[in-house]
Amino acid sequence: MESGTKGDDGEIGGGSGYNDRSVNRAKLNSKLEALLSDPVLADVPKKPTLSDVETLISLELGSGMRLSILRLDGSTFDVVVMNSATVKDLRLAIKKKVNDMEQSTMGHRQISWKHIWANFCLSYQNQKLLDDSSQLQDFGVRNNSQLHFIPHVISKNSGRHSRRKKHRFFHGLSKRS
């Protein structure tokens, strides 16, 4: 006769062992995979975070918007942001979406977002979205709007110094005459 009790899953044991947790986690993961393979939930990412789920729920409730982003190669992808999102929020959503797409197709690949945002910007109806703190609604962006990536060169008057100028500045402080 066994001294353990019969648990909810029909097995005899203490119920708090390592194997029970790993079995429960495996069951949870298999149920989650089955849910995410449902066509109704096709827009949910493969490894969703709480913010991803909240954003998709807000889209269904009308407090979020789905935006289509047109790449320079002509391909498009969709991102979901809140109605009150700023340009920075959109850039973060694009970064997450593209990184997820690249991971699923090409494995581990690093994208230099600093380089991308230094050379390209988003545009909506010929307006460049440059100010990170501006709300998308200020530009007229609404649900199902299409934004474009366009080439963008930072002007010399923007207040940023190139590495060359920084280099010359600090080397000018040396004792060379």
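Start by selecting α3 in this predicted model: the helix has 20 residues and spans 28 Å from its first C-alpha to its last, close to the 28 Å expected at 1.5 Å a residue.

Now show the side chains of V87, L90, A93, I94, V98 and E102, the buried residues of α3. Turn the view until you look down the axis of α3: its buried residues fall within an arc of 160°, so they line one face of the helix. To see what covers these buried residues, add the elements around them, which include β3, β4, α4, β5, β6 (127–129) and β7.

While you are on α3, pick K95, which lies in this helix. Is K95 buried or partly exposed? K95 counts as partly exposed because its relative accessibility is 35%. A distance label is handy here: the C-alpha atoms of K95 and I111 are 9.1 Å apart, with their positions 16 residues apart along the chain.

Next, go to the largest nonpolar core, which has 24 residues. Select L67, I69, L90, I94 and L136, the members that touch the most others. Two or more residues each come from β3 (64–70), β4 (76–82), α3 (87–106), α4 (113–119), β5 (120–124) and β7 (146–151). Which element gives the most to this core? That is α3, with five residues. In soluble globular proteins, nonpolar side chains tend to be buried together.

Centre the view on L90. Leaving aside residues up to four places away in sequence, L90 touches L67, I69, V79, V81, L122, L136 and L147. There is also a second, separate core of five residues, among them L36, V44, L56 and V80.

For some aromatic scenery, select W113, W117 and F149, which ring pairs link into a cluster. Searching the whole structure turns up two aromatic pairs. Add R91 to the selection: R91 lies over the face of W117, 4.5 Å from the ring centre.

The last stop is helix α2, residues 50–61. Its 12 residues reach 16 Å from the first C-alpha to the last, close to the 16 Å expected at 1.5 Å a residue. Colour D52, T55, L56, S58 and L59, the buried residues of α2. They cover an arc of only 160° around the axis, so they sit on the same side of α2. Rotate to the other side of α2 and you will find L50, E60 and L61 exposed. Back on the buried side, the residues of α2 pack against β3, β4 and α3. Finish at G62, which follows α2 and has a positive phi, near 95°.

Methods
Residues numbered from 1 in each chain as written. Predicted model: local features only at pLDDT ≥ 70, side-chain atom pairs only at ≥ 80, totals over all residues. Heavy atoms only, no water. Core = buried A, V, L, I, M, F, W, Y, C linked by side-chain atoms within 4.5 Å. Buried < 20%, exposed > 50% of the residue type's maximum accessible area, 1.4 Å probe, protein only. Helix = DSSP H or I, 4+ residues; strand = E, 2+ residues; numbered from the N terminus. Contact = heavy atoms within 4.5 Å. Expected span 1.5 Å × (residues − 1). Arc of directions from axis to C-beta. Phe/Tyr/Trp six-rings, centres within 6.5 Å; stacked < 30°, edge-to-face > 60°. Lys NZ or Arg CZ within 6 Å of the ring centre and 35° of its normal.
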